[in-house]
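Grab a coffee and let's work through a few exercises on strands, salt bridges and a ligand site. Each one has a task, then a solution in steps.

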Amino acid sequence: MAKGPEIPGIRPYTHPAGGWDALAAVEEALAHQKMLLEGSEDLLRMNQPDGFDCPGCAWPDPVHTSTFEFCENGAKAVSWEASPKRVTREFMAAHTVEELLRRSDYELEDQGRLSEPMAYDLGSDRYLPISWEEAFSRIGAALRTISNPDAVEFYTSGRASNEASFLFQLFGRAFGTNNFPECSNLCHEPTSVGLTESIGVGKGTVTLEDFDHCDAIISFGHNPGTNHPRMMTTLRNASRRGAAIVALNPFRERALERFTAPQSPLEMATLGSTPIASSFLQVKIGGDVAVIKGMMKRILERDALDHDFISRMTAHFDSLRADIESTKWTDIVVGSGIGRETIEKVADIYIGSQRVIATYGMGICQHSNGTANVQQIINLLLMRGNMGRPGAGICPLRGHSNVQGNRTVGINDRPSAALLDGIERTFGFRPPARPGHRAIDAVASILRGDCKALICLGGNFAVAMPDRGRVFPAIRQLDLVVSLATKLNRTHLLTAKQSFILPVIGRTEVDIQTSGPQKITVEDSMAMVHASKGWRPAATEMVRSEPWIIASMAKATLGSRHGIAWDEMVADYDVIRDRIAAVFPEFGDYNARIRTPGGFRLPVPASERIFNTPDGKAQFVLAPGLAEDPAATGADTLILGSVRSHDQYNTTVYGLDDRYRGVFGRRDILFMSTADMSARSLAPGDLVDVTAADDEPNADGFRRVVRDLTVVPYDLPQGSIGAYFPECQVLFSLPRHDPRSGIPSFKSVVVRVTAAREA
Ligand SMILES: Nc1nc2c(c(=O)[nH]1)N[C@H]1C(S)=C(S)[C@@H](COP(=O)(O)OP(=O)(O)OC[C@H]3O[C@@H](n4cnc5c(=O)[nH]c(N)nc54)[C@H](O)[C@@H]3O)O[C@H]1N2
Ligand SMILES: Nc1nc2c(c(=O)[nH]1)N[C@H]1C(S)=C(S)[C@@H](COP(=O)(O)OP(=O)(O)OC[C@H]3O[C@@H](n4cnc5c(=O)[nH]c(N)nc54)[C@H](O)[C@@H]3O)O[C@H]1N2
Ligand SMILES: [Mo]
């Protein structure tokens with residue numbers, strides 16, 4: 001925590017997470033969007049059986065209750081979407097794109113909702129209104145001139161519904177490609193890859209009920225008070241029941257320490273709070289494998305294995321044993337930054353608990369060994385049979401509210417034979433089988449100049465990706481960029497030969513098609529599929545639903561190719577869902593099953609100890625060594641992890657505070673331990689430049705350097721520093737990713753920190 005008052009905007013925050021400050025923050029968010037009265041009514045409909053699914057995160061809702069779950073950041077997500085502010089044609093006519101590009105990400109989105117379709121006009125350097133018909137006809141014509149279907153990228157951001165995602169992949173596949181880069185390639189791809197190899201399914205195995213039965217929770221690298229706030233109710237209940245909660249995180253995130261439930265009248269009235277983590281390990285960035293191997297070593301030393309489970313249901317335990325036995329404690333301690341006794345104590349808590357859940361987020365995934373990280377957590381669980389029984393299992397904290405569902409309904413660059421068969425059976429054509437592009441492959445294709453067109457179903461492609469210094473100019477070389485969006489962002493302003501902004505209706509709004517108001521469906525982190533229905537009037541008369549826009553683009557591009565009945569599906573989303581069920585048998589009776597409150601759970605075989613791996617067993621998969629990046633231990637280098645503030649949603653910045661970390665009104669800071677500061681003779685508040693250590697000066701005209709960050713002393717392990725994403729995005733390069741999953745290592749880049757302007 002910051003020491004003194006001398007840095008403007010830096011004030012230690014001493015309260016628990018949640019509490020009255022969270023209520024005040026909601027009020028402020030609503031006031032900022034000028035929707036105080038109306039807004040509070042909207043929030044009451046969030047995550048209710050007949051309401052809408054909160055677009056904030058993918059944490060599930062209790063199925064059998066309909067109590068309103070207060071969530072500060074859910075409220076921000078909703079008020080941001082429901083804002084009465086509008087990007088009007090007058091606004092767009094008044095500013096050139098060049099002028100708009102000078103605005104911050106925050107200012108761009110804060111203009112409000114996009115209100116009508118727009119096309120870029122090169123002559124005036126402005127976006128001008130265009131009719132929907134004209135937009136589709138130009139988009140269709142542009143796509144038809146591209147002879148190689150793999151020169152088009154179909155990007156999905158995880159807010160899109162199952163219905164929109166399904167139509168989008170159908171469009172892409174009918175067009176002839178499997179290029180489906182997706183935001184989950186930037187977030188939980190190590191989960192999809194690692195869990196599939198280890199336990200035969202790329203999804204978490206626990207349900208919300210399991211949290212009522214576990215004796216211990218081990219939380220690796222996620223910040224629930226900010227990113228999954230409804231999880232705080234679950235963690236609080238577990239803590240109050242006496243379950244042990246062990247947190248591993250370089251940052252002492254406040255919500256992992258103490259939480260005041262805004263729904264608890266007693267805690268609110270007495271200013272009380274509930275402790276969350278019973279043990280907190282401030283692991284070095286990238287040090288998780290070392291801690292896990294230390295814990296596994298202790299389990300072996302105490303012979304605390306579930307021998308029966310291991311021998312009957314798992315494979316390759318002997319190689320894991322050999323690996324762990326040959327790992328030295330001294331290396332574990334150096335690799336993790338945590339003392340042996342502490343690791344042993346935490347391992348003993350684990351051993352003493354009958355039922356254990358491991359939860360994890362970006363602190364585990366966004367590393368160049370992200371898949372190995374995930375698989376070591378699985379190994380730890382498998383050693384004691386903590387898989388597929390009540391109160392035990394693995395719980396990845398997904399990102400966007402439907403990022404898991406997107407993948408389930410076919411947004412997948414590597415289609416399985418079953419998916420191809422399903423599409424052929426249902427739509428009468430065989431889509432291509434050759435692998436398409438994940439996010440980093442799409443970026444590489446854009447950089448090589450192979451890509452001609454980028455179609456974005458939501459998101460902020462250019463800003464979310466690594467290598468922005470190269471990506472920004474490369475996007476401007478494309479023939480076509482189409483963005484389906486709610487709000488204006490920087491990707492829209494990187495205009496190509498032809499660029500279109502197509503405004504969509506949001507999750508909270510009524511979607512009326514010819515058969516009447518429609519619902520959409522989403523899948524949460526725990527494989528529960530349920531319906532969501534908006535009720536607010538659409539933002540303007542001109543905005544349209546994502547399924548309608550996708551189908552219209554498909555028709556304009558494909559004509560009658562493959563005879564797909566686009567209109568029939570868009571007229572009534574029940575028909576889309578019937579088609580989904582026809583392609584994916586696990587969605588059988590889809591329309592009936594979403595009518596039950598809470599929806600239904602898709603099968604997760606590993607949660608019943610059915611492991612769909614080649615030999616039918618859960619696999620112990622080795623991760624040789626300990627260090628993520630053995631080359632990165634130079635004396636003058638540090639490891640920087642990019643973090644989200646409390647007031648942002650990915651590239652959407654709602655405000656400039658990061659309350660729990662004691663930062664107010666600014667984002668241009670670098671969190672650093674006092675030890676690292678004194679090693680560099682830096683004082684609190686000094687201005688520094690941060691340069692990627694693998695930067696090759698002048699190689700192609702740009703440097704990976706972020707200038708003029710203010711150093712804020714912070715309780716962090718020595719060698720680990722932090723800065724905000726997307727401000728520090730320029731530091732991340734395409735080659736630095738996990739080779740197995742392709743995830744960029746956004747939580748770990750090797751940097752040098754120097755006094756400003758020395759670099
Ligand atoms: N309000 C809000 N909600 C969100 C989002 C948002 O931006 N705002 N984003 C959504 C999305 S898309 C996602 S993917 C999720 C992200 O949710 P989280 O997974 O919580 O994401 P981050 O905040 O990026 O990072 C999580 C934590 O990782 C820690 N960390 C960094 N490096 C390491 C490491 O090496 N080891 C360990 N153990 N920890 C480390 C950081 O200190 C931080 O506390 O949240 C979703 N929900
Ligand atoms: N350095 C660094 N980079 C990262 C990360 C990190 O931790 N560090 N995290 C990564 C992660 S986990 C993710 S998921 C990605 C996020 O990458 P994306 O998903 O591409 O980005 P978002 O910021 O979530 O997208 C915001 C935009 O989505 C649009 N939008 C919002 N709601 C809707 C809707 O309902 N429909 C449509 N069509 N559009 C909508 C708005 O126009 C808004 O501007 O970023 C990744 N990049
Ligand atoms: Mo994410």
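**Exercise 1. In which sense do strand β9 and β10 pair, and over how many bridges?**

Step 1. Strand β9 covers residues 258-260, and its pairing with β10 is antiparallel, over two bridges. Strands here are DSSP runs of E with at least two residues, helices are runs of H or I with at least four, and both are numbered from the N terminus. Two strands pair if DSSP finds at least two bridges between them.

Step 2. For a residue-level check, look at Phe259: it stands opposite Thr274 in β10.

Step 3. Zoom out, and you get an open sheet of three strands in the order β1-β9-β10, with mixed pairing. Its edge strands are β1 (17-18) and β10 (274-275), each pairing on one side only.

Before you go on, some ground rules: this is a predicted model, where local features need pLDDT of at least 70 and side-chain atom pairs count only at pLDDT 80 or more, while totals for chains, interfaces and linings use all residues. Residues are numbered from 1 along each chain as its sequence is written, chains are lettered from A and ligands numbered from 1 in the order in which they are written, and side-chain values use heavy atoms, with hydrogens and water left out.

**Exercise 2. Work out why strand β17 is largely enclosed by the rest of the structure.**

Step 1. Count the buried residues (buried is under 20% relative accessible area, exposed over 50%, partly exposed in between, with a 1.4 Å probe and protein chains only). Five of the six residues in β17 (residues 498-503) are buried, so the strand is largely enclosed by the rest of the structure.

Step 2. Now find the strands that pair with β17. Strand β16 (residues 480-485) runs parallel to β17, and six bridges join them; Ala485 stands opposite Pro503.

Step 3. Strand β4 (residues 118-121) runs antiparallel to β17, joined by two bridges. Met118 has Ile501 of β17 as its bridge partner.

**Exercise 3. Which residues of strand β20 are buried on each side?**

Step 1. Recall the general pattern: side chains in a regular strand alternate between the two faces of the sheet.

Step 2. Apply it to β20 (residues 520-523): Ile520 and Val522 are buried on one side, Thr521 and Glu523 on the other, so both faces are covered.

Step 3. Follow the chain into strand β21 (residues 528-532), which pairs with β20 in the antiparallel sense over four bridges. Thr521 has Ala531 as its bridge partner in β21. The hairpin has four residues between the strands, and Ala527 takes a positive phi near 65°.

**Exercise 4. Sort some of the salt bridges by burial.**

Step 1. Apply the cut-off (a side-chain nitrogen of Lys or Arg within 4 Å of a carboxyl oxygen of Asp or Glu). The count comes to 45 salt bridges.

Step 2. Take Asp323 and Lys293, whose closest N and O atoms are 2.9 Å apart. Asp323 sits in helix α17 (residues 317-325) and Lys293 in helix α15 (residues 288-301), so this pair ties together parts 30 residues apart in sequence. Asp323 is buried at 14% relative accessible area, and Lys293 is buried at 1%.

Step 3. Compare Asp636 and Arg752, with closest N and O atoms 2.7 Å apart. This pair links distant parts of the chain, 116 residues apart: Asp636 is in the loop between β23 (618-619) and β24 (638-643), and Arg752 is in strand β31 (residues 749-755). Asp636 is partly exposed at 39%, as is Arg752 at 34%.

Step 4. Finish with a mixed case: Arg666 and Asp668 form a salt bridge at 2.9 Å between the closest N and O atoms. Arg666 is buried at 14%, whereas Asp668 is partly exposed at 33%.

**Exercise 5. How many residues surround ligand 2, and which are the closest?**

Step 1. Using heavy atoms within 4 Å, you find 32 residues, the closest being Glu109, Tyr155, Glu546, Thr651 and Gln729.

Step 2. Check polar contacts to side chains (N or O pairs within 3.5 Å). A ligand 2 nitrogen is 2.6 Å from an N or O atom of Glu546, and a ligand 2 oxygen is 2.9 Å from one of His400.

Technical notes. Polar contact = N/O pair within 3.5 Å; in protein donor to acceptor, adjacent residues only side chain to side chain.
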